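Dear colleague,

I am passing on the structure we spoke about, with the sequence alongside, and below it you will find an account of what came out of the analysis. Please read it with the model open.

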Amino acid sequence: MKAKFSRMWMAAGVCAALGVVTLPAMAAKSAAAPSSAKADAKGDSKANAQKPLPADAVASVNGVAISKVSVDAMVKASGQPDSPQLRELFKGQLIANELLKQAAQKQHYDTRPEVQAAVEAAKTMIVTRAFMTEHLNAAPVSDADVKAKYDAVVATLGENEYHASVIAVRDAVTAQTVLDQLKKGSDFAALARQYSQGPNAAQGGQLNWVSFKTPITAGNTQNWPQPIAEALVKLPKGGVSSEPLQIGEQLWILRVDDKRATQIPKFEESAPLLRKQLEQVAMEKATAQMIGDLVKNARIQQ
């Protein structure tokens, strides 16, 4: 049952990605194969009078062909093993989608202003993406670039790394309430879920592992607020900040959940993610350059 559900869920995801309306499997099956009673009602003579499907079609809906290419694309995008059952499911989805589209067009939904605006927005996005794909000249990311990024990241790490949780509140009264309950032995994670307005409150305020070079200096805190970084390296494992720390408009209460020697991942393990990050940066730079060049040659009034 679990495997069957997973396949249905994957199929639904593929349909959504390809802009196909996703219906329950039974509905798709019904769309793909008319009932025998309905077929009998039409009569054999009418069935014999139907035109044969085009060679490249798998079905026809009121004269509109459902192409084999469309089913092929959905099978490929799904990543699942090709099978007659999978193809029947996708064919049913395409038939259902065409039925819904025709029904909507019959009632002139396609002429509604909000629908036309959405179509125009989608068209703009697709055209823009195609233009950028062909004309964006992002600088290639070399293996040396990835290694340099890895070395730079490793250089920012300290001897130890820390796993912490925080409870972030907006007023001193609430902060004191939390501290008082902690002193009475209340569970930190439960209080975070109840009071915190900070990161990962729903997960008990738990943050990711982090490592800092010590002593802590400005600009070398892995983008963490400096007061939090300074408190984190001073507290013992299991320790909680005795006073709330002012971070912007919030008051943070910090706990050190765990502490260990810094575990540096191997370059081979980190390289794919680092390369992706560098490629994203290159794309952003190239996009900014492209827009800048277009602005220079445009007349813009504001």
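Which residue in strand 6 does Tyr162 stand opposite? The partner is Lys259, and the pair is a convenient place to begin reading the sheet. Please keep in mind throughout that this is a predicted model.

**The sheet**

Tyr162 and Lys259 face each other where strand 3 (residues 160-169) and strand 6 (residues 250-261) run antiparallel, joined by 10 bridges. These two strands belong to an open sheet of 4 strands, in the order 4-3-6-5 and with antiparallel pairing. Its edges are strand 4 (210-211) and strand 5, each of which pairs on one side only. On the strand 4 side, 2 bridges link strand 3 to strand 4 in the antiparallel sense, with Glu161 having Ser211 as its bridge partner.

On the strand 5 side, strand 5 (residues 245-247) is held to strand 6 by 3 bridges, again with the strands running antiparallel, and here Gln246 stands opposite Leu251. Strand 5 and strand 6 make a hairpin with 2 residues between them, and in that turn Gly248 has a positive phi of about 60°. As a general point, the side chains of a regular strand alternate between the two faces of the sheet.

Strand 3 and strand 4, as said, pair in the antiparallel sense. Helix 9 (residues 172-183) packs on the sheet and touches strand 3 and strand 6, its direction making about 40° with that of strand 6. Helix 10 (residues 188-195) also packs on the sheet and touches strand 3 and strand 6, with a direction at about 45° to that of strand 3.

**The nonpolar cores**

The largest nonpolar core has 19 residues, of which Phe212, Trp224, Ile228, Leu232, Trp252 and Leu254 touch the most other members. Strand 3, helix 11 (226-234), strand 5 and strand 6 are the elements that give two or more residues to this core. If you would like one residue to look at, Leu232 touches Tyr162, Ala164, Val210, Phe212, Trp224, Leu254 and Val256, leaving aside residues up to four places away in sequence. Apart from this core lies another, of 11 residues, among them Ile167, Val169, Ala175 and Leu182.

**Two helices**

Helix 6 (residues 84-106) has 23 residues, which at 1.5 Å a residue should span 33 Å, and because its end C-alpha atoms are 33 Å apart, the expected and modelled spans agree. Its buried residues include Leu86, Leu89, Phe90 and Gln102, and just after helix 6, His108 takes a positive phi of about 60°.

Helix 12 (residues 267-296) has 30 residues and reaches 42 Å from its first C-alpha to its last, close to the 44 Å expected at 1.5 Å a residue, and helix 12 bends by about 25° at Leu273. The residues buried in helix 12 are Ser270, Ala271, Leu274, Ala282, Ala286 and Met290, and they pack against helix 7 (113-135) and helix 8 (143-155).

**The chain as a whole**

The chain contains 12 helices and 6 strands, and 28% of its 302 residues count as buried. Among its contacts between residues at least 6 apart in sequence, 64% join residues at least 24 apart.

With best regards

Notes
Residues are numbered from 1 along each chain as its sequence is written. This is a predicted model: local features need pLDDT of at least 70, side-chain atom pairs count only at pLDDT 80 or more; totals for chains, interfaces and linings use all residues. Side-chain values use heavy atoms; hydrogens and water are left out. Two strands pair if DSSP finds at least two bridges between them. Contact means heavy atoms within 4.5 Å. Axes are lines fitted to C-alpha atoms, for helices over the stretch in contact, and angles run from 0 to 180 degrees between N-to-C directions. A nonpolar core is a set of buried Ala, Val, Leu, Ile, Met, Phe, Trp, Tyr and Cys residues joined through side-chain atoms within 4.5 Å. Buried means under 20% relative accessible area, exposed over 50%, partly exposed in between (1.4 Å probe, protein chains only). The expected span of a helix is 1.5 Å times one less than its number of residues. The bend at a residue is the angle between axes fitted to the seven residues ending there and the seven starting there.
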